[in-house]
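The following exercises are to be worked with the sequence and the coordinates at hand. Each task is followed by a solution in steps.

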Amino acid sequence: MKRYYVMGLFSNFEEAFSTISEIRQHAIPGVSVDDVTLKSPIEHPEIEEILGDRGSPVPKFSLFGAIFGAIFGFLFLASAQANFLTQPQGGKAIITLPSNIVLSYEMLILFGVLSTVIGFMVNARLMTKRHPLYSEKVSLDQIGVMLELDEKNVDSLKELFKKHKVLEIREEVSL
Amino acid sequence: MSGSDINRRDFLKFMGLGGVGAATLSGCDMPTTITLEEGKEKVVAYLAPEEYAIPGIGVTFASTCQQCPSGCGVHGRVREGRVLKLEGNPEALNGKGLCQMGQASLQGHYNPDRITQPMARKGGALMPVSWEDAWLLMKEKASGTAQGRSAWFTGTVSGHQSVLLAALNKAWGSKDHYVYEAINNAVGSAVNEAVLGDATPVYRFDKAKAVLSFGADFLGTWVSPVHFSREYGKFRSGDRGVLIQVEPKMTLTGGNADLWVAARPGTEGAVALGIANVLLSENQVDGKQLPQAALDVISQYSVSKVAEISGVPGDTLVRIAGYLKERSPSLVLSGESAHGHTNGYQNAMAAMMLNVLLGNIGQTIEASNSMVFDELKAKQGNSKAMLDFAAAAGAGEYDVVFFMGANPVYTAPAHLAMADKIAKVPFKVALSMFPDETTMSADLVLPLSSPYEEWATSVSPYQPKDAAISMSQPLMKPLSVETRSLGDILLSMLKYQGVKDYETFEDYYAYLRSALDSLPASVKAGKDSDAFWSAAVQKGFIKAPSKPGSLKVSLGELDQGGYQTNGDYPMNLVPSSNQSMYDGRNANLPWLQEAPDQITKIFWDSWVEVHPKTASKLGIKEGDFIRIESDQGVIETQAYIYKGVHVDTVAIPMGRGHEEYGRYAKGNGVNPLKILSPVVDEKSGELATHATRVRISKVGRSEELPRLGGSEVQVGRRLVSTVSADVFRRTEGA
Amino acid sequence: MQTKDINENIAWAKINEDVLRSMENPRMGYWVALAACVAMILCAVLAEIYQYQVGMGPSDLNWPHMWDLYIATFVFWIGMSHSGTLLSAILHIIQADWRKPIYRFAEAMTLFSLMTAGLFPIIHLGRVWNMYWVLPYVSDRGIWPNFRSPLVWDAFAITTYMTSSALFLFIGMIPDLAICRDNARGWRQKLYTVLSMGWQGDDRQWRHFRRLYLMMACFLIPLAVSVHSIVSADFAMSIMPGWHVTSFPPYFVAGALYSGCAAIITLFILLRYFFRFDEYMTIPIMEKTCKLTFAIAMVWTYLNLVEFAATWYGHDLVAKELLMQKFIGPYAPFFWAMLFLGSVLPFTFAFEKLRRHLPTMFVVSLFLNLGMWLERWMIVTPTLSLSHMPFAWDVMWPSMIQWAIVFGSFGWFGMLFLIFVKVFPAVSMYEVKEMVFHRRHYHNDELESKSHRREGDRQPADADPSPSREGA
Amino acid sequence: MSLKNILENWSHYRRAHEDGGHHEYEHMWGMAIDLNKCTGCNACSVACYAENNLPTVGKDRMRKGQGLHWLRMERYWDEPDLGGDEKEYQERGGSFLPMMCQQCNAATCEPVCPVAATYHTPDGLNAQVYNRCIGSRYCSNNCPYRLRYFNFYSYYEESWPEPLNMQLNPDLSVRDKGVMEKCTFCIQRIRTGKDAAQREGREVKDGDVVTACAQTCPTEAIVFGDLLDKDAQVTKLWKAQEVELGKTKQDKSNGELRGYRVLEGLNTDPCVMYMDRVREA
């Protein structure tokens, strides 16, 4: 059976949200809210209530990046100090904790940040091709509700879209 | 690998051989003097080193410093055929110490402005000529000089060079050998001679418990400063002696005094008499040592009168007398700033009177050990020689004059018009290392080798312990093949004059060998010729037999001339000498130019010292340019204001303001000697250098003074704090 | 009187249009400004070449003034970099949405100040060509930099800060770059296609984006604070009176925020004027920034007083002496100018009329920054001029070489900023849209009108008769 | 390897100055300077120029404060409000203070160097590695004695025109522009002395190593030696004055003893002891 991508572009955001709400309430049998991809020009924290909490592992990346940074930082500094033989200075110990704390802290943040960014890039699937149904209007002021669904449900979805004053509907056969 | 077991190889690996090699591995015996940075130094293989040059090993050779007349023994460290550093000869008079002038004498040796070949005046300018041409010129202009129409004008000379010089003068039929030193103790010597019968007695600082010095800068320039500094160290140890300095401008010695007293210039004698008065009247010192005439004079100098004449408060006089009475034996000295007056001789006499009164003669002033070889003794310089020479030259008495080791064109006051008078001499020959003012006005310039390139002997004028002949040996090959030692030139001239005694000697070295060979067997202590020679060269000096001296006491006239004032010129000028530029001969040594003056901390330039009271009266601030005007001329320089100069006095250091003398000296600062008034010490005929009256005014320009250091006080920090001598004697007293 | 931070009924297409327009077709004035900046840089480059060839001597640095304008200006630029990222992050976390129209250029300012600041420690090195020795690269000689040295901390902190704030700026710009991509042609399209990294605005991206941005903000706040306290450690970690001051880290952070805010005001006014961003960079936002600046100015003033008081009541005579010398010594005119500009001048912000008056604010903000620059100079130089050793006291005035390089650094910053505004959107389009959207949906207009408006103000109905609830 | 190293030697690497430090000190070179004997004649400073290849920089640069004088002879006048007097003249002369690198055991210059160009040697010296120096000048700023000097220019051509350059001591380098330098206690002489002792198969003894300043001092006010050598003259002087290393305030049985270290309250632990100037009153 062919699978279709259907995307409806809305200018009124609330209509788009109620469309999703209805999908969530099984307005179309066999179409789950999990199949919905929302394309929006802005961030909508509130949409999670409708779309369901899909979660993000990015903070975990931050945490592990930071822990790694701190531990690596300290060990790196300490081993450099311990192996470089001409460093007794100013009556200080060879491995000096105060300075290493400062630098480990910087390393914590640096690796935390880098790891967070990498986590984001991986999870958000950046650096991939845009979806064929991507519309430039999404970057302007319209919101797109896209679903991947069976051929039999396409028409009922379009009906639903039209009920909510959709401006434009695009579709494409999934490969 | 833990921290403690680093070995050399790892270290090299870490640091890179070239890099730290220079900084940390220096001194290890490898011929790696390579710095990798920018290929600054070429890598030179020691394929064929000089015989005596062991690569990487410094060898020490003894010689004698000629930077001032004291003649300290030095050890030169020679590496790879170059002399690198001088140290004091521990066995010599100066011990292991050396003053900054001695340290810097290396820069005279390596000076980039040294004369490297003979020069002759052609068409008004000095042009390089060959030695053959130089000798031809000598033959043409000088050989036929009539008897008595030639003269030598030199600095202090001694040793075998002095012998040759005397022989040469004799061959030439001239008696005129002017020995001139701008900084000298001639007045003092005259008084010593008159009173004690010994011109240079031995001063026992180590025995003295109090030293009262009237302007004798014995730590800086007076007689034999490095030796005296050593003695000073002993003087200050144990039962620490008291040092009182009376002078118009603070010298290095004054800077170390327990009590520094500013007396009006020229009234030092009065101060001495005042102190004697207190000693006799209040301190119950017995006056029987003094002749009645002296006591009569002393009685006229009551404390109040002396205070009025000299500007020294009466209680200070009492305090000084107290120290002298309490701390016996004492030692009273007089120096430059007391001597350089019309009454300089009386000032010195008054100081000597105190020694007599306090019974110091024989205690802290002992008879000198006079060497038996009179012909080798130092011919000491004075300034009367210059006055006499100026008169003779001005009168056209000479056809030929030889200059060596003195720079009268620079040091003579303007009123002598020395340059003009010298110009009247038809043929002037300068034997010189440097293009100084006198050299540049000569007709023929013969390049001298440096003291560290030549063979020579010298005898220092001040010989406190055993008499000794100091040896100079070449510490390295001459830098320039064209330079000749003084001895060699004199020997050549003697041969030229056909003096038979000297014809057999190939060079001065041969002459010296033979001359030392002919010393009495007692001197040679049974050694054969070679052994004696090498012992002498190794040690740096030869102990010579001396006649034990004795001291008599016959005090001369003490009466002081009144202190003269002059409405037009209200201030006194002190052309101060210091242990860096000295009389100007050190102005071409960059180390000394850059070394800050010991007292004012000023470098590379002249300055005029002004008392804060005078400064505020005239609205002068530090760094202001001041015009100093005497009846002989005007100089302008920057003001340094401090409480180390008498209120009525300004002091300008000697030694700068050269018109020639190489890149480091030329155009730096001013020469205070130029504006000296034509006055002399009436008794000795010495130039009265400190008797010039001046008036000062602001020029209106100001510039930051070239002075090292910010604050001149410690602002409450404990960097140097002062404890009292009582505490010192309690804790460290002998 | 305008009281709303932004007109929430502004059309989204207009937002795109306004911002994208600002990136196109530079006018004559732009080229002149750019040329002026390049000329300033040339001055500095010539001075630096001379200094490189000859040594540090011509700068008139000396013993004991081993540091002077270079380090002072370094601290100044580091300070300048603080407001952008730090304020942006803080305001993001506390959800103050008025940051949205202004944070982009502020963050750019952060990055460029850092790029300028980073030059100074390099310029001031005696042996510039060996500057990489400060970095912990693996060397077969086993030599590492000295991790005890605050200068190495600087290198670490600046690198971290530069990386993080560049990422923060870049990440925050991705949705806007996508907008640019969708609207651009030619080389710009290619550039933005690469830079936007395939952003298509789907909910997955936004969801991770939101977390990312929050996490970044969380990292950046302590980072920014640590960076400037580390810069203060260059001084505070030393033993010198006047530098060894406990309150230096917060003092430096406050001073940094202060100068950064002042710089934001300056650039705010310039951008608003030249790019006609009146509708985004509104007077109320300006007013908020001014109030913030005033608050920070008072913190700074307080910390100044704390420093004086601590020194005055402390028993370190040398520090006290230095303080007195600041008050009456040769550098006193600059010191008093700093106090006047830093503590008295900000009171202009206390007057509503003045803080809403752009020309006044422009001039004031420039003077505040001058004051902050003087602060840095007065930290570095008087301490060196007076120390424990009175013999090493000295008063030194910087030479033209130093001034030329300091002057040129402003050209460098200006040039970077000018290029930025023509290549990247200086106002965050998507976030202005968010701001507008959320204000429209969640703000109670009536409540707002009651609380903020005064009698005589125009009613919102007058201003906008037909409020639309739609996006376009 | 390095992790093992850290874990095994942790306590060793954590030993600070107070705990005896990282080094097993072979020597602890130190000085004792008697200001009662020092006349301020400046010979030490010029000897230092001669020994250590110090350039002369000329009047203008010297006035700007760009000179290099590893050993500077400081001269202070008595302060009117501190035991001095409001008198018309400086009656007690000057206070002379020769200041060379104090070779602090807790040197404040060392930890601030970004590239570890300055560190502490097992000889107790504060060493400066010229080739490693990048010229940040932080060390000089953080030296409370202000005893570190910077090469603001390249001097090797200007300061030693031919043949003055022949005097340069090949035992140490001529520093180029951009490098910090300071007194080394004549480390080249220490090297030579140690090498000679090693060749002869003996310990270094007192007098084997003398710094240029100590050697030339006409009054022998400067005494140099190894503070770990109980028989060294310098050790005896320190003992006699009851001055000890590692203290910020000397606890003396006799408060009248003159020994002190300059600014020792800053806990820099310098290795140079001074003895107070003495004046009659």
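**Exercise 1. Compare the expected and actual span of helix α9 (residues 268–281) of chain B.**

Solution. The model is a predicted one.
Step 1: the helix has 14 residues, and the expected span is 1.5 Å times one less than that number, which gives 20 Å.
Step 2: the C-alpha atoms at the two ends of α9(B) are 20 Å apart, so expectation and model agree.

**Exercise 2. Determine how many of the residues of α9(B) are buried, and state what follows for the helix.**

Solution.
Step 1: apply the criterion that a residue is buried if 20 or more other C-beta atoms lie within 10 Å of its own.
Step 2: the residues that satisfy it are E268(B), G269(B), A270(B), V271(B), A272(B), L273(B), G274(B), I275(B), A276(B), N277(B), V278(B) and L279(B).
Step 3: these are 12 of the 14 residues, and therefore α9(B) is largely enclosed by the rest of the structure.

**Exercise 3. Describe the contact between chain D and chain B, beginning with the residues that each chain supplies.**

Solution.
Step 1: chain D supplies 82 residues and chain B supplies 89 residues.
Step 2: on the chain D side, the elements giving two or more residues are the helices α3 (43–51), α4 (59–64), α6 (187–199) and α7 (212–216), together with the strands β2 (72–76), β3 (95–99) and β11 (277–279).
Step 3: α3(D) gives the most, with 7 residues.
Step 4: by residue class, this side of chain D comprises 31 nonpolar, 26 polar and 25 charged residues.

**Exercise 4. Identify the sense in which strand β28 (residues 722–724) of chain B pairs with β11(D).**

Solution.
Step 1: the two strands are joined over 3 bridges, and their sense is parallel.
Step 2: within this pairing, V278(D) of β11(D) has V723(B) opposite.

**Exercise 5. Characterise the contact between chain B and chain C.**

Solution.
Step 1: 11 residues of chain B meet 11 residues of chain C.
Step 2: the chain B side consists of 3 nonpolar, 6 polar and 2 charged residues.

**Exercise 6. Assess chain C against the rule for a compact globule.**

Solution.
Step 1: for 472 residues the rule predicts a radius of gyration near 23 Å; chain C has 24 Å, which agrees.
Step 2: along the principal axes, its C-alpha atoms fill a box of roughly 80 × 55 × 40 Å.
Step 3: 54% of the 472 residues of chain C count as buried.
Step 4: the secondary structure of chain C comprises 18 helices and 0 strands.
Step 5: of the contacts in chain C between residues at least 6 apart in sequence, 82% link residues at least 24 apart.

Technical notes:
Residues numbered from 1 in each chain as written. Chains lettered and ligands numbered in written order. Predicted model: local features only at pLDDT ≥ 70, side-chain atom pairs only at ≥ 80, totals over all residues. Contact = placed C-beta atoms within 7 Å. Nonpolar A, V, L, I, M, F, W, Y, C, P; charged D, E, K, R; others polar. Helix = DSSP H or I, 4+ residues; strand = E, 2+ residues; numbered from the N terminus. Pairing = 2+ DSSP bridges. Rg over C-alpha atoms; globule rule 2.2 N^0.38 Å.
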